[in-house]
Amino acid sequence: MKRIHGFIDLVFDVVDETNNLAELTHDEVVQRTARSFARVEPIKAVAQVITDVEGVIASTVFKSIRAINGATRLSVNTISHITEAGLGQSLESNGPELTTPMQSSAAGTVNWCIDYLQSSLNGLWGDYLSQKNSALDTKMTLRHNGRDLPIKAQAVAAAYPNPTNKICVFVHGLAATEWLWTFSSAQHYEGDTGTSFGSRLYDDLGYTPIYIRYNSGKHISDNGRQLAALISELVEAYPVPIEEIALIGHSMGGLVARSAASYGHEQKQPWVDSLRHVACVGAPNLGAPLEKAVNLLTGVLQHIDAAAAQVSSRFLNSRSAGIKDLRYGYTVDDEWLGKDPDAVFTDDRLNVPLVDGVGYYFFAATVSKDSAHPLGRLFGDLLVRLPSASGEAIDPARRIPFASGGVFQGISHIHIVNHPDVYEVLRDCFSGEQ
């Protein structure tokens, strides 16, 4: 029921924001028309009177819409709270606890669809949802068998009855959930919907897979700091002493993983002493071209003297802080704090040092079967270009010094997340064979 309240509130928020945009558009059109008539002195006074009257009428209409929307919101929320109290039980859409490991066969189920709808909203406007303390704000949590897992000794011990002294934390990307890690399992593993990097690392190298879910619309640095704190709690609650920790992040998750390692080291959190590996799978380490394009388009629209252009620019600028961080691959506060988040062609990425003694690896892909093909060089994996994924900046001083990694040809951004060829190289990196 909690998420239902969140969806209800969001619908009314959308109505409010749409009304605000309509009012801004109306005002700009009226003012532009009034300025045109103001050039003709004989009718200047008449035009001003008409404009003032029209403004009063329009303002009354827009205020009425806000009032009606507010009253309706109150009524609907009241009814939903009464209904929830009458039922006497939670109708939280997570549903009953799953008794089987995370599987790709869950795709398309009610839980899966609701989870992805919520995660998509978090990706697009997660910072807004967080600021409003919305029920749709996805707090960073451990996930086990499709449910949140409290970081308490008894709960963690029950979830992992056969714990190993090595853990691997999986961090999903923008607008995704932990379900992504089993993408195409059946296709790659002869119909086995539960096989993933996590299950294979457990079988091959003894890493217990740990999955998290988080609000990917918040600043990457905020999520990195939260992940560092979450791992500290997990180490305390884990059934056996942890000797090795690995972090694997897909897309934005790779940046969050790097951020967590950086903040954990900066804050001298004890778990960093056990950190051995950080793997960035399809991560936009030097930025994402799509976000750069949207930023440029927004800047252009802001300079066009037309109501439609101004409204479009405002809408585009409402995208989340997490998305804007992807423009140049920001991972720490100092890269965005106090800066204009919408400045065009302004790269404030810092050369954040990697943690000493930790192996950092990149995994990049190109949609072309030859990475040197113009299509592959231009589009990379469709969302991240090869230089960004591999950290190879034009200026050598700006490159990210990954210890190792791999480039995979004929694979898209989404398919790299659970591809057997990628796993083989990942396993070799973790085992020290590469």
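**Helix packing and sheet architecture**

In this predicted model, a contact between two helices is formed where V294, L297, T298, L301 and Q302 of α9 meet A309, Q310, S312, S313, L316 and N317 of α10. Sorted by character, the residues of this contact of α9 with α10 comprise five that are nonpolar and six that are polar, with no charged residue among them. Helix α9 spans residues 289-302 and helix α10 spans residues 307-317, and the two pack at an angle of about 145 degrees, their axes lying 8 Å apart. The crossing in which α9 passes α10 is left-handed.

The model also contains an open sheet of eight strands, in which the pairing is mixed and the strands follow the order β2-β1-β4-β3-β5-β6-β7-β8. The edges of this sheet are occupied by β2 (147-149) and β8 (404-409), each of which pairs on one side only. From one strand to the next, the twist averages 30 degrees.

Within the sheet, strand β5 (residues 244-250) and strand β6 (residues 275-281) run parallel and are joined by six bridges; in this pairing, I245 stands opposite L275 of β6. Helix α7, which covers residues 220-237, packs on the sheet, where the helix touches β1 (141-144), β3 (166-171), β4 (207-213) and β5. The direction of α7 makes about 150 degrees with that of β3. Strand β5 thus takes part both in the parallel pairing with β6 and in the contact with helix α7.

Methods: Residues are numbered from 1 along each chain as its sequence is written. This is a predicted model: local features need pLDDT of at least 70, side-chain atom pairs count only at pLDDT 80 or more; totals for chains, interfaces and linings use all residues. Side-chain values use heavy atoms; hydrogens and water are left out. Axes are lines fitted to C-alpha atoms, for helices over the stretch in contact, and angles run from 0 to 180 degrees between N-to-C directions. Helices (H or I, at least four residues) and strands (E, at least two) are DSSP runs, numbered from the N terminus. A crossing is left-handed if the near helix is turned anticlockwise from the far one by less than a right angle, and right-handed if clockwise. Contact means heavy atoms within 4.5 Å. Ala, Val, Leu, Ile, Met, Phe, Trp, Tyr, Cys and Pro count as nonpolar, Asp, Glu, Lys and Arg as charged, and the others, Gly among them, as polar. Two strands pair if DSSP finds at least two bridges between them.
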